[in-house]
Amino acid sequence: MKSAYELAMERLEREDPSAGKPLSDAQKAELATIDERYKAKKAEREIFLKQQLAKEQSSGNHEAISQIEKQLVNELARLEDEKEAAKEAVRNS
């Protein structure tokens, strides 16, 4: 008798046969490269926006502070989405 986990995995395999396909070494290397590239991009944007935030905090401009904080969150989320899309493209190739 199969466990619930095994049954679920079989069902997933029938729905998307390529989901369980192992990655090649080249794909693994490309995924690692994508991770590093986007880690650097996120760090760059975070440093830049935190510098802007510090300037606005010292001047006491609360509206600009709020706007920069929102921009920081949005930029990091956008970069994360881009990274996942790039990684998915590699996985599907």
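1. Arg 45 and its partner. In this predicted model, Arg 45 counts as partly exposed, at 23% relative accessibility. Its side chain meets that of Glu 75 in a salt bridge, at 3.3 Å from N to O. Arg 45 lies in helix α2 and Glu 75 in helix α3, so the pair ties together parts that are 30 residues apart in sequence. Glu 75 has a relative accessible area of 15%. That is under the 20% cut-off, so Glu 75 is buried. The bridge therefore joins a buried acid to a partly exposed base.

2. Lys 42 and Glu 80. A second salt bridge links these two residues, with the closest N and O atoms 2.7 Å apart. Here too the link runs between helices: Glu 80 is in α3 and Lys 42 is in α2, so parts 38 residues apart in sequence are tied together. Both ends are partly exposed. Glu 80 has a relative accessible area of 25%, and Lys 42 has 24%.

3. Glu 80 and Lys 83. Glu 80 also forms a salt bridge with Lys 83, and the closest N and O atoms are 3.4 Å apart. This one stays inside helix α3. Glu 80 and Lys 83 are 3 residues apart there, so about one helical turn separates them. Lys 83 counts as buried, at 14% relative accessibility.

4. The network. Which residues do shared salt-bridge partners join into one network? They are Asp 35, Lys 42, Glu 80, Lys 83 and Lys 87. The count of salt bridges by the distance rule comes to 11.

5. Lys 87. This member of the network lies in helix α3. Is Lys 87 buried or exposed? Lys 87 is buried, with a relative accessible area of 10%. Setting aside neighbours within four places in sequence, Lys 87 is in contact with Leu 31, Ile 34 and Asp 35. Two of these contacts, Leu 31 and Ile 34, are among the buried residues of α2. Asp 35 belongs to the salt-bridge network.

6. How the helices pack. Helix α2 covers residues 25-59 and helix α3 covers residues 62-92. They pack at an angle of about 175°, and their axes are 10 Å apart. That makes α2 roughly antiparallel to α3, because angles over 145 degrees count as such. The residues of this contact divide into 13 nonpolar, 4 polar and 15 charged. Among the charged pairs that link α2 and α3 are Glu 80 with Lys 42 and Glu 75 with Arg 45.

7. The buried side of α2. What are the buried residues of α2? They are Gln 27, Leu 31, Ile 34, Tyr 38, Leu 49 and Leu 53. These buried residues pack against α3.

8. Length and end of α2. The helix has 35 residues. From first C-alpha to last, α2 reaches 51 Å, close to the 51 Å expected at 1.5 Å a residue. Just after α2 comes Gly 60, which takes a positive phi of about 80°. Helix α3 then covers residues 62-92.

9. Where to look. For the links between helices, start with Glu 75 and Arg 45, then Glu 80 and Lys 42. For the buried end of the network, look at Lys 83 and Lys 87.

Key
Residues numbered from 1 in each chain as written. Predicted model: local features only at pLDDT ≥ 70, side-chain atom pairs only at ≥ 80, totals over all residues. Heavy atoms only, no water. Axes fitted to C-alpha atoms, helices over the stretch in contact; angles between N-to-C directions. Helix = DSSP H or I, 4+ residues; strand = E, 2+ residues; numbered from the N terminus. Parallel < 35°, antiparallel > 145°, perpendicular 65-115°, else oblique. Nonpolar A, V, L, I, M, F, W, Y, C, P; charged D, E, K, R; others polar. Expected span 1.5 Å × (residues − 1). Buried < 20%, exposed > 50% of the residue type's maximum accessible area, 1.4 Å probe, protein only. Contact = heavy atoms within 4.5 Å. Salt bridge = Lys/Arg side-chain N within 4 Å of Asp/Glu carboxyl O.
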